[in-house]
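Work through the exercises below with the structure open. Each one gives a task, then a solution in steps.

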Amino acid sequence: MEKSLQERIAELEAAIESLEQRRFAMGDAAVEPELAPLREQLTRLRSYQNVVVLQAGLADPNAPTIDLLEARLKSIIAAQQGQFQAGSGNNWTAQWEPASSLIEAPQQAIRTGLAILAAGQETALAGQASQSTLQIGLHSGPPQEAAAITQVAGLLQQAALADTMLISAPLADLVRGRFDLQPRFPPSIADSNVDKPIYQVQPWTFRRPIHRVEGEETPLLGRDEELQHLQEAFQALWEEGRCWIVTIVGEAGLGKSRLLDEFDLWAERSPRPYLKFRAQPGGAYLPYALLRNLFAYAHHIRESDPPELARHKLARGIAGPIQEVDAMEYVHLIGHLLGFQTGLGPQPTSPLDETDRLRDQALLAISDYWQALSTQQPLLILLEDLHRADESSLQAIKRLAEGLADRPILVVCTARPAFLQRDPHWEQAGETTQALLRTAQGSPWYSRLDLSPLTDQDSRHLFESRLNALNRPGEDKITAILAQARGNPLYLEEIARLIVEQGTSPQPIPPSLEEVVQARFDHLPADQQDVLQRAAVLGLTFWSQVLEFPGQEHAPVDSVLAALEQRDLIRRQEGSILRGQTEYVFKHGQIRQAAWQALSPELARRYHTRAARWLMEQNEERANTYAGLWAEHMDQARQPGLAAKYLSQAGEQAARVYAFREAQIFLERALASLPRQSSARIPLLMQAGNALYRLRNYAGARRRLEESLALARQADRSDEIIEVLFLLGLIAREQGDFDESRQWLEEGLKLNRQLGRRAGEAQNLLDLGWLEYRLGNYEQARSYLDQGLAVSQEIGDQGLLALAYNGLATVATREHAPEAAHKFLLQSLELYRGLGDHRGTAAVLNNLGVLAWSQQDYPTARDYYEQALDLFEKLHHPQNTANTLANLGLVAVVQEDYDRAKSYFYRALRGATAGRVTPIVLESLGGLASILARTGRMERALEFLGLVLQHPSLRIDTKLNLQPTLDYLHEQLSSAEIEAALARGQGQRLEEVAGQVLSQGLD
């Protein structure tokens, strides 16, 4: 039976008194280390005898919701055993008497505050008020100081922002690890006597609470050095102001999440202000799921929030730090990218829409927002289980970190070693804190913490702390268990649990963590096994309501869940991402895996069908967001038709937010379930081809698009034919096959004109113009571009107009008409900036540099190129970045700054090679040939030129830029020497030469 609070306090007092009596005999050095933790526990337990006071009020004195809210408040407070006390005006008070059991009153008071905030939001949403303006403060202390406690709670309430709750430091100490707490430093109480920091309580959490036994935290063993590294990184936020990414790496069970939790709890006690974001992966069914969870955590957005409430929460959080822009534009972009149902955002229906532009704008909006936040306070971002994270989030977070390298942001991640094989970018290991502090500016720091197994001493201490005298094995058995554990703390915890539950040591000792967990599962009663299996089909997170199957002869689900929680197999969350649902999490993934593996195929189908239907009922307004999840359940339920339907929706949604890797996976799975000649394959093949094209898998893209084209022609589907022709034209152009590109684009132009598709006609005309420009056919290029401009003006398409002006400017530059070129470029720049198209803006800036270059105004050219480079790097566009770097290299060559030129060309070559952009690989090698020629290595320069000039993907402007170098070489060498060196270059392979240059340099 669980001991009462008074009994526990009495035991500690007796233990302390006993040690004090032995002080004379044992000495201070022996007694004090044992007394310190006992005193700390006693202080903590005595604090549970305090009263807790909650003060709530409305910031808006004219709010029309007072009567309605007061009735809700009374009901909420009564449900949590609090005593309601009517206040004056818009303020109310509630009080909880000293707890009869551990942490009961503090938790009840905080749950009450969270429920009141939710009621305020619901009231506002129902039209009773424009927004919730509730402020809540809580404090605790001895009953005899009730008046002072109420006064402090009132100060906290007044300092809280609208729709938030602040609690005092003493109260935070009682609930730390149960709720997510954010330290706050409101200026209005900076000089008061309130203990600081104070804390804002998050309304819900992705975080599993730290395990506590009778109010005490389980000690963290054997991780002092790793924790110190994290603490040093945290301190460096204020001292160095750099972005630092630390990855905690370890196999399953070594304590990655436990270390992260311990660091999180330590950081909460920091006397310095900071802002915290925390998230776990959200599953592979949703692009940007990890990034989405970060924003959901920071802005308290539940999955069940209606669009207007999600929009309000995002806007409220973003509007503060983003003062100079319209916050709703940020909500528009971020909500669309991350899949929040805000009722805003574009809804493109074609894979040919400029989803990359929308993605770029959204990521720039996030970057601006985080930069504004980190100007006010450092940011701490905690990311769990990167090995389960979606690829789009990983790429976005790396990109954001690169763009915010000089901001005070600490990102702490956990991952298994296999993750670093998938993405070695995070692996820069072995650096000490001081070594990192000496690294060059300009990019984030990366460091890696490898978790080692526990020492024998720590392993024994952990194992024995989980046992009791009745079931403690013999010494031989303990030694054998410790040897089998090999220092894995989770193995030790689980086998200790198994021994306690079975009352004896297992025979034989399970050889792995997975088998220990499986043995625990097998030992459970049938009803507990069944509930865990139902929960396992939902993932690591699940809800009690979906586990209820009418008509089954089992104990009520809630009582079974309580028993499983008592066994420490699952944990109930203080909040839920689904409003009105009770949320649980598996303690760790191995428990879920054991339950999953025990499912029979028949039960798996049944449970997945039930889960899919329930989730659809909960999220029927979010079909686009959850299509991938529904598809997964339908696939497991052996319903291929419905699985294909939702996989198609998921692929289409992923493509809309530029998550083409995820889109391609969804679409290929959908295609696998459809007959080869089915016309339903046409749009899926087209979208899969587009995804592969965006991923630069040109061969795969062509295969899928040509298959789609054949089926579309067979079915006479003109719309799909036009889109496939356009994509095939782009792919052929990227691969340097300009004749084939022209054929596809001309066929598309003809079909667009026949069908009266004016926007498609304009797009084809402009692409043909760009194609002819690259071939040096300037007159033909200008003709196409003029026609495209006319159609774009007729239909009023601003994006196509900007593209047309940019193209005409490029042609005018080559035709030596600088005034016309400058006019066109300024028109294009104005349009792109008006559209918020940063990529288009950067492209025009680059072309303004080309124009200045053509006029030999090299300082101006360099200035424009650097502006373009800055934008392209922020947008993370490797191809355009490499092209601009090559242009900067050309300027440096003319200015005879060969070291700078070499640096630019190397960077351009590296980016173009990684992105497989052959024309820019050629331009970079040509630029390096110019440096070789002018630094005396003429034969090597000619070999490069021989390779470059004969390549079919060579662009005409690159060829023109290389002509001065050829002329110079003809002045220095004989014709025979030149021909021989060019011939040697023509016999080499581009990939080998580029790789050799990148690995060995020009020597």
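**Exercise 1.** Classify R388 as buried, partly exposed or exposed, then do the same for its salt-bridge partner D385.

*Solution.* The model is a predicted one. Step one: take R388. Its relative accessible area is 33%. Buried needs under 20% and exposed needs over 50%, so R388 is partly exposed. Step two: take D385. Its relative accessibility is 11%, so D385 counts as buried. Step three: join the two. Their side chains form a salt bridge, with N to O at 3.2 Å.

**Exercise 2.** Decide which helices are linked by the salt bridge between E632 and R669.

*Solution.* Step one: check the distance. The N to O separation is 3.3 Å, and the cut-off is 4 Å. Step two: place the ends. E632 belongs to helix α25 (residues 623–636), and R669 to helix α27 (residues 660–672). The two are 37 residues apart, so the bridge links distant parts of the chain. Step three: check exposure. E632 is partly exposed at 31%. R669 is partly exposed too, at 30%.

**Exercise 3.** Explain why the salt bridge of E873 and R907 ties together separate parts of the chain.

*Solution.* Step one: confirm the pair. The side chains of E873 and R907 meet at 3.0 Å, N to O. Step two: locate both residues. E873 sits in helix α37 (residues 858–875) and R907 in helix α39 (residues 898–914), so the pair ties together parts 34 residues apart in sequence. Step three: look at the surface. E873 is partly exposed at 39%. R907 is partly exposed at 33%.

Now widen the view. The whole structure holds 51 salt bridges. One network of them links R466, E493, E494, R497, E501, R520, R567, D568, R571 and K587.

**Exercise 4.** Describe the surroundings of L498.

*Solution.* Step one: place L498. It is found in helix α19 (residues 489–502). Step two: judge its exposure. Relative accessibility is 0%, so L498 is buried. Step three: list its contacts. Leaving out residues up to four places away in sequence, L498 touches T504, P506, V516, A519 and R520. Step four: add a distance. The C-alpha atoms of L498 and F521 are 9.4 Å apart, with their positions 23 residues apart along the chain.

**Exercise 5.** Work out whether the rings of F542 and Y584 are stacked or edge-to-face.

*Solution.* Step one: count the pairs. The search finds 18 aromatic pairs in the whole structure. Step two: use the geometry. The ring centres of F542 and Y584 are 5.8 Å apart and the planes meet at 10°, so the pair is stacked. Step three: place the rings. F542 lies in strand β15 (residues 541–543) and Y584 in strand β17 (residues 583–586), so the pair ties together parts 42 residues apart in sequence. Step four: check burial. F542 is buried at 0%, and Y584 is buried at 4%.

Step five: contrast another pair. W770 and Y773 are edge-to-face, 6.1 Å centre to centre with 85° between the planes. Both lie in helix α32 (residues 758–774), three residues apart, about one turn of the helix. W770 and Y773 are both buried.

**Exercise 6.** Find which ring has the charged end of R934 over it.

*Solution.* Step one: find the ring. The charged end of R934 sits over Y968, 5.5 Å from the ring centre. Step two: find another case. R592 lies over the face of W596, 5.7 Å from the ring centre.

Terms used:
Residues numbered from 1 in each chain as written. Predicted model: local features only at pLDDT ≥ 70, side-chain atom pairs only at ≥ 80, totals over all residues. Heavy atoms only, no water. Buried < 20%, exposed > 50% of the residue type's maximum accessible area, 1.4 Å probe, protein only. Helix = DSSP H or I, 4+ residues; strand = E, 2+ residues; numbered from the N terminus. Contact = heavy atoms within 4.5 Å. Phe/Tyr/Trp six-rings, centres within 6.5 Å; stacked < 30°, edge-to-face > 60°. Lys NZ or Arg CZ within 6 Å of the ring centre and 35° of its normal.
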